[in-house]
Amino acid sequence: MDNLVSLIKPMTSNIDKNQEVITSNTTDSLAWQLFSDNHKFISTSAGTNASPSILGIKLSKPSIVKKLFITADSYGFPRNFEFHGSKDSITWNTIQSYTNVPYVYDGTVAEFDVNNNEPYL
């Protein structure tokens, strides 16, 4: 896949450039920072199996996602997570689950293939 294009434009607030940050924790008002030029955000809460943390972005137009890149900080990132998509921001489909992801940290960029051919917001 040589022609990768970032679907997310750098953000300066939770609603910016026809994109919207979606989070399960209403106190995470700075979640947009994850999608900024800074690429850093520390959540004030950690999820559990019964009540997982959700962080996402509503794109400006339906798009097909084939790759997911996550830059780890000094805390790393989740070893197990799911990638979801929605066509209407109401019904969510699990596009792909990732389990036992090798631990990386301190600026390492991890690349994940996404087995998906459907456009989602």
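Mentor: Let us begin with one residue pair in this predicted model: D16 stands opposite Q19 in β2.

Trainee: Which strands pair around this point, and in what sense?

Mentor: Strand β1 and strand β2, the latter covering residues 19-23, pair in the antiparallel sense over 2 bridges. They belong to an open sheet of 3 strands in the order β1-β2-β3, with antiparallel pairing. Its edge strands are β1 (15-16) and β3 (55-58), each of which pairs on one side only.

Trainee: What does the secondary structure of the whole chain come to?

Mentor: The count is 0 helices and 7 strands. Read along the sequence, the pattern is therefore written β-β-β-β-β-β-β, under a scheme in which strands are DSSP runs numbered from the N terminus.

Trainee: Where does S60 lie, and which residues does S60 touch beyond those up to four places away in sequence?

Mentor: S60 lies in the loop between β3 and β4 (67-71). Leaving out residues up to four places away in sequence, S60 touches K17, N18 and Q19. Q19 is the residue that D16 stands opposite. The C-alpha atom of S60 is also separated by 6.9 Å from that of L121, although these two residues are 61 apart along the chain.

Trainee: How many of the contacts in the chain, as a percentage, join residues at least 24 apart?

Mentor: Among contacts between residues at least 6 apart in sequence, the share is 57%.

Trainee: I should now like to turn to the interior. Which residues of the largest nonpolar core touch the most other members?

Mentor: The general idea is that, in soluble globular proteins, nonpolar side chains tend to be buried together. In this chain of 121 residues, buried residues make up 27%. The largest nonpolar core has 14 residues, of which F77, F81, F83, Y98, F112 and V114 touch the most other members. The elements that give two or more residues to this core are β5 (81-86), β6 (92-98) and β7 (109-113). A second, separate core has 6 residues, including M11, V21, A31 and L59.

Trainee: What does F81 touch, apart from residues up to four places away in sequence?

Mentor: F81 touches L68, I70, Q96, S97, Y98, V101 and F112. Two of these partners, Y98 and F112, are linked with F81 into a cluster by ring pairs.

Trainee: How many aromatic pairs does the structure hold, and how is such a pair described?

Mentor: A pair of aromatic rings is described by the distance of the centres and the angle of the planes. The structure holds 3 aromatic pairs. The rings of F81 and Y98 have centres 4.9 Å apart and planes at 25°, so this pair is stacked. Because F81 lies in strand β5 and Y98 in strand β6, the pair ties together parts that are 17 residues apart in sequence. Both F81 and Y98 are buried.

Trainee: Is the pair of F81 and F112 stacked or edge-to-face?

Mentor: The pair of F81 and F112 is edge-to-face, with 5.3 Å from centre to centre and 85° between the planes. This pair links distant parts of the chain, with F81 in strand β5 and F112 in strand β7, 31 residues apart. Like F81, F112 is buried.

Trainee: Which residue lies over the face of Y120?

Mentor: K87 does, at 5.3 Å from the ring centre.

Trainee: Finally, what does the accessible surface of the chain come to?

Mentor: The accessible surface comes to about 8400 Å², and 52% of that belongs to carbon and sulfur atoms.

Note on methods:
Residues are numbered from 1 along each chain as its sequence is written. This is a predicted model: local features need pLDDT of at least 70, side-chain atom pairs count only at pLDDT 80 or more; totals for chains, interfaces and linings use all residues. Side-chain values use heavy atoms; hydrogens and water are left out. A nonpolar core is a set of buried Ala, Val, Leu, Ile, Met, Phe, Trp, Tyr and Cys residues joined through side-chain atoms within 4.5 Å. Buried means under 20% relative accessible area, exposed over 50%, partly exposed in between (1.4 Å probe, protein chains only). Helices (H or I, at least four residues) and strands (E, at least two) are DSSP runs, numbered from the N terminus. Contact means heavy atoms within 4.5 Å. Two strands pair if DSSP finds at least two bridges between them. Accessible areas come from the Shrake-Rupley method with a 1.4 Å probe; for residues, only the protein chains shown count as cover. Rings of Phe, Tyr and Trp (its six-membered ring) pair if their centres lie within 6.5 Å; planes under 30 degrees apart count as stacked, over 60 as edge-to-face and the rest as tilted. A charge sits over a ring if NZ of Lys or CZ of Arg is within 6 Å of the ring centre and within 35 degrees of the ring normal.
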